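Work through the exercises below with the sequence and the model side by side. Try each task before reading its solution.

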Amino acid sequence: MATAPHTLASLSEISKSVAEWVAGVRELTQPDKVHWCDGSPGEFQRLRDELLAKGELRELNQKTFPGCYLYRSDPTDVARVEHLTYVCTQSKEDAGPNNNWMDPLEARARMSALFRGGMTGRTLYVVPYCMGPLDSRYARCGVEITDSAYVVLNMAIMTRMGRAALERIAMEGTFVRGLHSVGDLDPARRFIMHFPEELSIQSIGSGYGGNALLGKKCHALRIASWQARDEGWLAEHMLIVGLQNPRGETHYVAAAFPSACGKTNLAMLIPPDSLPGWKVFTVGDDIAWLQPGADGRLWAINPECGYFGVVPGTNARTNRNADQTIRRDTIFTNVGLTADNEPWWEGRGEGEPAIDWRGRPFDAGNGPAAHPNSRFTVSAARNPAFARAADDPRGVPVSALIFGGRRRELAPLVYEARNWQHGVLVGASVASETTAAAAGQVGVVRRDPMAMKPFAGYNYGDYWAHWLRVGARLKHPPRVFHVNWFRQSAGGKFLWPGFGENLRVLAWILDRCSGRVGAIDAPIGHMPHPGDLNTSGLDVSAEALAELTAVPVGPWRKEAEDLRAYLQQFGARLPGAMLAQVDELSRRLAAAPAH
Ligand code: GTP
Ligand code: SPV
Ligand code: MN
């Protein structure tokens, strides 16, 4: 007997709560059409072709860059807008001094006014997605409603998007509601609002990156950090990388660096010839969700399955994996073009720019050919170093957590925290020169605790208290380190070669984790003994190395006092253990000989 034909439920019938929400948004925004995304390859191609036909997407040279396209965003819309990003909690204190705050009632009223009738003449896309492997209990789902087909294409690459996610939502009943419209792209009507108490996001006026791909920073960091606090885990701005040493042992580390400070590059690192036998596997390049496991270790998943990475500086020498990854099936946003219709960017190391990121004939007088925050969107599975463990629903166990920033001065190449509590202070002490990833001035040092200043969805005081609680629950907490690849000489040259050579520092970190090496007990933490950091064959002078590993006591005493003043602004929400850690740091620095 023939089996009964298996009819697929129409997407809009899978989850009643999603359908009801979509109906309400449709009423408010008045789109011409509603499209429920199934996440199929055919759907991706149709949307891509529509954008090509409208001239919103351009085909790149299909011989040399097959499946690659160029998108140009509005020139006023090229980076995250932190000054227009709000956390709207009932109590202002819950958002904390680290966030812009607006009363949720006021924020809703303002946003409804902006959204009302705003999708007339457009298509409303319903984008169900899952952050994390679909079969992982650590994964969480959301639905983004957007009127941008470019956003849909990006979400299709960056997340597990489509029917399966919607089915999981129907089973679980909860999902993060993200409402997005490009609006009229007027910066005066651009807002990114978060309502963590209701697990919802509203974003209008931008079509770019973290402002518009709501699964990424809005959901996987701001809302998820709030959920994680309630549920006992951590949502962090961290890469996850597997490192297999020449003995064949693999350890995973997670590292938090501020935006455009080297996460993608470290996650895709190519071992240099001088370190034979090492292998590197990328689990994630931007976000980690960390859960205490039943075994007392910390386990990590990457909630994303694609990369939205910084293009400038990418080449076969700095990052061969990324260079190969983005040669096919990649959306480039805001790069320049060569005369052969290939994408071009500063630091590509091949070809010449003919057209700049705004579509004008290239003229050095107009600035760089590629916008400094130009990005590639590509599936993680295209990375030659892709870790299959990235799809493991259990995640990977983490041996070390690494914090770092872009610091011309002060922060040494590497040091280790004495224990978890000290590690939380080390994470909280991250400061970094600002980059083009966010609108605003570039190159000024600002405090960016845990590289989460733009992303922590609640009061930093509560956040550090939560970090301390999570650590206390771990029988085998990861060791905590701080690195800085960006120290410069007085003449403004990087003292450390960086990129693949960073593996030398990671090798020391792993040796510390397995108890293979001792360390110098420096005032700021544990530091490598001169012979323990492998520098053989490295083109770094003895003076440069000395500078990279120096801890100048005077400037560090000032740093400890600055840090204390910074932490004190969190008042009663700041855990006492944090001030105790600063006291300890100050005491050690006071006792150290100042030479
Ligand atoms: P987001 O995607 O914004 O979160 O950034 P990210 O942390 O992933 O930064 P990414 O790896 O894309 O690096 C940003 C810039 O820093 C690029 O231009 C890199 O070439 C440069 N960079 C990365 N690693 C190093 C390094 O070890 N040394 C130096 N000097 N530059 C680096
Ligand atoms: C960052 O700015 O940290 C990014 C890019 O990873 S965006 O998705 O635009 O936030
Ligand atoms: Mn990032």
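**Exercise 1. Place F191, state whether F191 is buried or exposed, and find how far F191 is from Q202.**

Step 1. F191 sits in strand 10. Helices (H or I, at least four residues) and strands (E, at least two) are DSSP runs, numbered from the N terminus.

Step 2. F191 counts as buried because its relative accessibility is 11%. Buried means under 20% relative accessible area, exposed over 50%, and partly exposed in between, with a 1.4 Å probe and protein chains only.

Step 3. Eleven residues separate F191 and Q202 in sequence, and their C-alpha atoms are 7.9 Å apart.

A note on the source: this is a predicted model, where local features need pLDDT of at least 70 and side-chain atom pairs count only at pLDDT 80 or more, while totals for chains, interfaces and linings use all residues. Residues are numbered from 1 along each chain as its sequence is written, chains are lettered from A and ligands numbered from 1 in the order in which they are written, and side-chain values use heavy atoms, with hydrogens and water left out.

**Exercise 2. Find the distance in space between K54 and A95, and describe where K54 lies.**

Step 1. K54 is in the loop between helix 2 (41-53) and strand 2 (57-59).

Step 2. K54 counts as exposed because its relative accessibility is 59%.

Step 3. K54 and A95 are 41 residues apart in sequence, and 41 Å apart from C-alpha to C-alpha.

**Exercise 3. Locate L185 and D329 and give the phi value of each.**

Step 1. Recall the background: most residues other than glycine have a negative phi.

Step 2. L185 is not a glycine, yet its phi is positive, near 60 degrees. Its loop runs between strand 9 (176-181) and strand 10 (191-195). L185 is partly exposed, at 25% relative accessibility.

Step 3. D329 also is not a glycine, and its phi is positive at about 50 degrees. D329 belongs to the loop between helix 10 and strand 19. Its relative accessible area is 45%, so D329 is partly exposed.

Step 4. T330 lies in the loop between helix 10 (320-325) and strand 19 (331-333). T330 is buried, at 0% relative accessibility. A polar atom of the T330 side chain lies 2.8 Å from the backbone oxygen of R328.

**Exercise 4. Work out which residues coordinate the manganese ion (ligand 3), and what the geometry of the site is.**

Step 1. List the residues. K217 (NZ), H237 (NE2) and D286 (OD) coordinate the ion at 2.1 to 2.3 Å. Donors are N, O and S atoms within 2.8 Å of the metal (3.2 Å for Na, K and Ca); water is not among the atoms, so sites may look incomplete.

Step 2. Read the spacing along the chain: K-x19-H-x48-D. K217 is in helix 8 (residues 215-231) and D286 is in the loop between strand 15 (279-284) and strand 16 (288-292), so the pair ties together parts that are 69 residues apart in sequence.

Step 3. Check the angles. The six donor atoms make angles of 75 to 176 degrees, and the site is octahedral. Six donors count as octahedral if opposite donors are over 155 degrees apart and all others between 65 and 115. Ideal angles for six octahedral donors are 90 or 180 degrees.

Step 4. Both K217 and D286 are buried.

**Exercise 5. Describe the surroundings of ligand 2.**

Step 1. Residues around ligand 2 include R80, K217, H237, D286 and R375. A residue is near a molecule if one of its heavy atoms lies within 4 Å of it.

Step 2. Go through the distances. A polar backbone atom of G210 is 2.8 Å from an oxygen atom of ligand 2. For a polar side-chain atom of H237, the distance to a ligand 2 oxygen is 3.3 Å.

Step 3. Turn to cover. Ligand 2 alone exposes 290 Å², and the protein buries 98% of that.

**Exercise 6. Do the same for ligand 1.**

Step 1. Among the 20 residues around ligand 1, A260, K263, T264, N265 and R375 come nearest.

Step 2. A backbone N or O atom of T264 lies 2.8 Å from a ligand 1 oxygen. A side-chain N or O atom of D286 is 3.0 Å from an oxygen atom of ligand 1.

Step 3. The protein covers 91% of the 670 Å² of accessible area that ligand 1 has on its own.

Technical notes
A polar contact is a pair of N or O atoms within 3.5 Å; within protein, one must be able to donate a hydrogen and the other to accept it, and residues adjacent in sequence count only if both atoms are side-chain atoms. Accessible areas come from the Shrake-Rupley method with a 1.4 Å probe; for residues, only the protein chains shown count as cover. Four donors count as tetrahedral if all angles lie between 85 and 135 degrees; four count as square planar and six as octahedral if opposite donors are over 155 degrees apart and all others between 65 and 115; anything else is irregular.
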